[in-house]
Amino acid sequence: MSPTTSQHDVVVIGAGPAGLTAAAALHAAGLDTVCVEARDRTGGRLATTADGLDLGATWFWDGEPRVAALAARLDVALFEQHRAGDAIAQQSAGIQRVTGNPIDVPAYRYRPGAAALTSGLAAQLPDAALPLSTPATGIRRNGGTVEVRTVAGCLNAGQVVPAIPSALATANIDFHGALEPEPARLAEATPVWMGGFVKVVATYRTTFWRAAGLAGAAISWTGPLREIHDMSGPDGSPAALFGFAPAAGPGFATAVTAQLAQLFGQEAAQLEALHVHDWSSERWTSPPGAQHLTDYGLFGHPLYQRPALAGRLHWASTETATSHAGHVEGALLAGEQAAHAVLAAHTAQRAGARPAAGLGRSW
């Protein structure tokens, strides 16, 4: 039996902050838009547990107006990152308490967790326009349209927006040789933000480190966690510390617990829970070999600002953003830019004009 085929104006691939920003804007503009998501949830690298702990993006900072505006529009409550107290430095020679906290900078957190942003954006789309567990497997030109093949069938559209890390797109999606050589090489070489890291969140009964005058911030040259921060709620509940590690091998959880006890005392070994999220092994975040992609100078490359696939493909992920790449702010910017470019191209197509190679660069 041949796969089902449906017709749309735009197909967005990926329901993270970039993809949902683009899809919501295009839907609001009246375009028939479908946003396919490989995971069984929305959010992408915004992943929040049931008790509001962020296993992905956690903060945003002053000077990031899109995030602040989106949080206000969605009525997502914010609070300031806890920074009061001393920090800790861990080296092979020993552990040192550092007066003040030079590790953390002023930042804001989301009271319900970062995924509230993408949940709010997703709510602006009809259920039928946001199929989950539907990875895209192929993209090819189909006359005057683009055919996007998924595990559920084929989608034909005038424009396509890959809103996933570009290296993941070229690894998981068969472009049938239609993607031009330069953007293909760029996409394959661009690092995946957080693609080579593990995020760990440890929860406790109380914020005991604050009572000891510590900020919950630490930096380590020995590991396994290389940096640690306070991730407690606005009133100290849930009480939590989180950190990053470059890898998670055998005995990782035991090593993390031992390190936390070394840094913050034996109370730190009395965990309520330890969440370990290995983004490097996330099938829908990191392609094989992502840890070897290290040229972060490719973020926001000019080629990402130009449509590919003869003017019908528009890149949109935090890695392609012209500013704040790697941040939620960058993802929102990339989604906005893609939506503007799609709308301009759609208008040109309806007028019978071929999309210009540089369309959307001014957005």
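The following questions and answers concern a helix pair, a pocket and one residue in a predicted model. In this predicted model, local features need pLDDT of at least 70 and side-chain atom pairs count only at pLDDT 80 or more, while totals for chains, interfaces and linings use all residues. Residues are numbered from 1 along each chain as its sequence is written, and side-chain values use heavy atoms, with hydrogens and water left out.

Q: Is T118 buried or exposed?
A: Buried means under 20% relative accessible area, exposed over 50%, and partly exposed in between, with a 1.4 Å probe and protein chains only. T118 has a relative accessible area of 0%. Therefore T118 is buried.

Q: At roughly what angle do the axes of helix α1 and helix α8 cross?
A: Helices are DSSP runs (H or I, at least four residues), numbered from the N terminus. Axes are lines fitted to C-alpha atoms, for helices over the stretch in contact (heavy atoms within 4.5 Å), and angles run from 0 to 180 degrees between N-to-C directions. The axes of α1 (residues 17-28) and α8 (residues 328-350) come within 7 Å, and they cross at roughly 35°.

Q: Which residues in α8 are met by residues in α1?
A: On the α1 side, the residues are P17, A18, T21, A22, A25 and L26. Their partners in α8 are A331, L332, G335, E336, A339, V342 and L343.

Q: Which residues does T118 contact beyond its neighbours within four places in sequence?
A: T118 is found in helix α3, residues 115-122. With those neighbours left aside, its contacts are G16, P17, L20, T42, G43 and L46.

Methods. Helix = DSSP H or I, 4+ residues; strand = E, 2+ residues; numbered from the N terminus.
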